[in-house]
Structures are given as C-alpha cells and as structure tokens.
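Could you walk me through this one at the bench, question by question? I would like to start with the model itself.

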Amino acid sequence: MAELTPLEDALRTVLENVKPLDTEKVFIYDALGRFLARDITSDTDKPLFNNSAMDGFAVRYEDIKEASEEKPAQLKLVGEFAAGTGENLKVGEGMAVKIFTGAPIPEGADTVVPVEYTETKNGVVYIKRAFKKGANIRLKGEDVREGEVILRKGQEIRGYEVGMLAFVNRAVIEVYRRPQVAVLSTGDELLELGEPQSRASQIRSSNHHMVYSLIESAGGVPHQLGIAPDKPEELLKVLKTCHRYDIFITTGGVSMGEKDYVQYLVREVGVDVKFHKLRIKPAKPVLFGTYGENKLFFGLPGNPVSCAVAFDLLVYPAIRTMLGAKEVFKKKLKAVLTKDFSRRDASRREFARAKVWFEGERALCEPHPKQQSHMLTSLVESNAYMIVPEDVKEIKNGEPVEVVLL
Ligand SMILES: Nc1nc2c(c(=O)[nH]1)N[C@H]1C(S)=C(S)[C@@H](COP(=O)(O)OP(=O)(O)OC[C@H]3O[C@@H](n4cnc5c(N)ncnc54)[C@H](O)[C@@H]3O)O[C@H]1N2
Ligand code: MOO
C-alpha cells in the first residue's frame, strides 16, 4: 500500500501553494467577515473636541472644590449646552452651564458635575459634592489621534470594525477578494434533494450541500455543481470547468473502488497532484493538487463525516488564507476527558467527534458514541474534534486531550 502522508506534511503542502487573493473595494456592510488589505487611519481626533461624559453642569473646579451636602456651592446658571449645538457660552467665576452628554465643554469650565449631585432653584445651581479637576470630561484625541492607524492590514471586519469605519467616515474599504469555490459530488448511487428514490441502492446525497454551506461559513463564495455520475466523459466535462474557480472540490470517488475515477481524470484537466492519502482517521483518501497559480483542487472522501473532517482540516485553512486571514486554523484547546476512550487501530491520528463544554475554567470533553465515518449524527451532536495521537490506543477518564473547536 502506498505511504500515507502525515497531516503536517499535507498542511505544509497546501499552505505552500496558497496565498491571499487580489483585493477589491467594497461597501463596509459587504466587508463583514473579510480581511483588510490596507491599514485604516482616522480622519480626525476622536473625540473631536473636549466634551461632557455626563448630563449635568459645566463648572470651574475652583468654585466647587469644597462643595458638600451641608455647604453646597452656589453658582449662577448662565445657559445651556446640548449635544450637537455650539453656543458660544463662557463659564466665568461663580457660573455654571447646563450641559448634556457629548456636548462641547464651554470655555472657562474644567469640570462637569452630574445632575444628581445638584439642585437648581431660581436660577441658582446648588452643587452638593466636590469633584476632581477634569472630572467627567472626555478629552479631544484621547481615544484616537488624527492620522493614527486604527485598523491594520489583515484584521478581520466584525460589527465593531464596521462601527469604527463609519466613525472615521469610511464607507468603502479595500479587502481581499472572497475565493470562488465550486463543489461537485460524484457517484451513480447519489440522489439529489427531492428526487424520488427509484432503486433501493440509491443514497440521498448530503455532501455537496454540506460542503456548499461549509464553504460559505468559511467565507468563500460557493458554487453548486450538483452531482456527476461515475461516467468518465461526463465527469471530465465538469472537471474541465475548474479554471473558472479558485478552488474546486469534489466529494467521493477518490478511494480504491473501480469507479473511483477522480484521481485519474484530474490529471487530464491539468491538476498537479501533490498528495492523495493521509495518515488520519477519518478522511484517509483526500486528494490535493494545484492547477495553476493559486488554484487548488481537493478531492474529498465520499463518507460524509470523512468529507467534513477533510474540509475542516485542509480546505478551511486554504479558504482563510485566500481571504487574507492571519489565523487560518480552527481554534484548538486543551480539555479533560470525562469518559474512557479506546480504539483497536491506532495507526492513524484520529479526529473523534466530541462534545466540549466548560465547568468553571476547565474544558471537559466527551467523545460521541458513534464514531464511524458514515454516521452524520456524530457531527450534528458534536462541537469539536478530539485529537487521538498516532499509536495511542486508549485515553482514560480524567486525562488531558487536545480538541479542535467546530
Ligand atoms: N478497499 C478499500 N476501500 C475503501 C478504503 C480503502 O482504503 N480501501 N477507504 C475507505 C475510506 S476510509 C473511505 S472515507 C471511503 C472513501 O471513498 P470514496 O471517496 O471513493 O467515496 P465513495 O466510494 O464514492 O463513497 C463512500 C461512501 O460515501 C457515501 N457517499 C458518497 N458520496 C456521498 C454524498 N455525496 N453524500 C452522502 N454520502 C455519500 C457512499 O454512498 C459510500 O457509502 O472509501 C472506503 N473504502
Ligand atoms: O478515512 Mo475514511 O474517511 O476512514 O472513513
């Protein structure tokens, strides 16, 4: 039997052959989940001017520094400063200006007293507590300076970043293009969604719909190519369209079966095959190759769980790299096993489907009872892969394990 490629070597090969795509300018709403291609600087100081952090009164510290409940400072109310207004008020000795959160601090004032520590009667404001000089004033430029880099190249755009971009008046930004990713399932036995079953041996295809959605949730633009039968000429016709996409994914037909044509046909459409079988379980038969600069071909296994595992371990990081992400892998963490785990064949590193949850600071992990690669329940009832290293036959309850979060 041909040598199985270790996962590290396979990953290295994939990552050596993929880089961020070209960039495009998009409206900030369309940038969500994508990565900045350039640093972003602030158009102005933030805040733009000294302003009040509270609803209350702008005063001079000197006038209120000894104020107390028993002996309130008495100040003359000389006007009102609301957020968004720019009245030209001045606070002189013994004066107070009514102010609202966000409004500019009037000239002469250096402190804001919140309204709940005051009382106003007949044009006189009684200040019943002393405050430090500068209290409740937000200073010009204390968050961001004009021209300062506020978001960096490679940073992911989440809702927070969209807010920041709007705050610095940027409606359009430059991000990396999303990869166009095609998926095709192969197999004579496969039935499309809604297609009636005419023979008992037919199988409802889940893979091409699952992979379509996994592509989208990874940040790629999915293209659904449906199902191709195990007929070389028909399969070849579809495979020839690979040049339209950045990544082309097939599912099924990469193992030892007589009709497992994918591995032969891809070479005919110009795929330079880099590896074919991995030393992992599930997802042993995974074919990877390139068909030009930054164009990747993945032949994923037909068993649904194997297909998902291969996608998560290999295709996901490729899509994230094309998107310009810095962190391209799914998150890993250490957890404690809560049930004995054992297996007979320890020749491959295993990615066992598992549930991970937290008790206080500690992450706990329980492997799913169904671990065969045709059992999709193991995935829908799990949120992690528990990594069982090569040559390890059993892990005991209470021992540490490494998990990949899904
Ligand atoms: N003699 C050997 N046989 C197999 C080996 C091996 O090393 N020697 N490897 C096994 C492993 S591991 C896997 S995984 C599968 C992968 O096979 P293929 O990728 O060639 O996939 P198929 O043979 O087409 O199908 C396998 C299995 O998956 C079901 N399937 C296929 N496509 C879909 C789909 N779109 N949706 C849902 N289910 C699908 C198919 O009905 C089969 O049950 O090979 C083993 N065999
Ligand atoms: O690798 Mo297969 O993917 O064990 O079922």
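Here are some short exchanges about helix 4 and the ligands.

Me: What kind of model is this, and how are its parts numbered?
Reply: Residues count from 1 along each chain as its sequence is written, while chains are lettered from A and ligands numbered from 1 in the order in which they are written. Local features need pLDDT of at least 70, side-chain atom pairs count only at pLDDT 80 or more, and totals for chains, interfaces and linings use all residues, since this is a predicted model.

Me: Which elements give two or more residues to the shell around ligand 1?
Reply: Happily, 27 residues surround ligand 1, with Asn207 and Gly252 among the closest; a residue is near if its C-beta atom, placed from the backbone, lies within 6 Å. Elements here are DSSP runs numbered from the N terminus: helices (H or I, at least four residues) and strands (E, at least two). Those giving two or more residues are helix 4 (207–218) and helix 7 (304–322).

Me: Why do the buried residues of helix 4 line one face?
Reply: Buried means 20 or more other C-beta atoms within 10 Å of a residue's own, exposed 12 or fewer, and partly exposed in between, with C-beta atoms placed from the backbone. Asn207, Val211 and Ile215 are among the buried residues of helix 4. Taking directions from the helix axis to the C-beta atoms, the buried residues line one face because they fall within an arc of 165°.

Me: Which exposed residues does the opposite face of helix 4 carry?
Reply: This face is turned away from the buried side of helix 4. The exposed residues there are Ser213 and Ser217.

Me: Which residue follows helix 4?
Reply: Its phi is positive, near 110°. The residue is Gly219.
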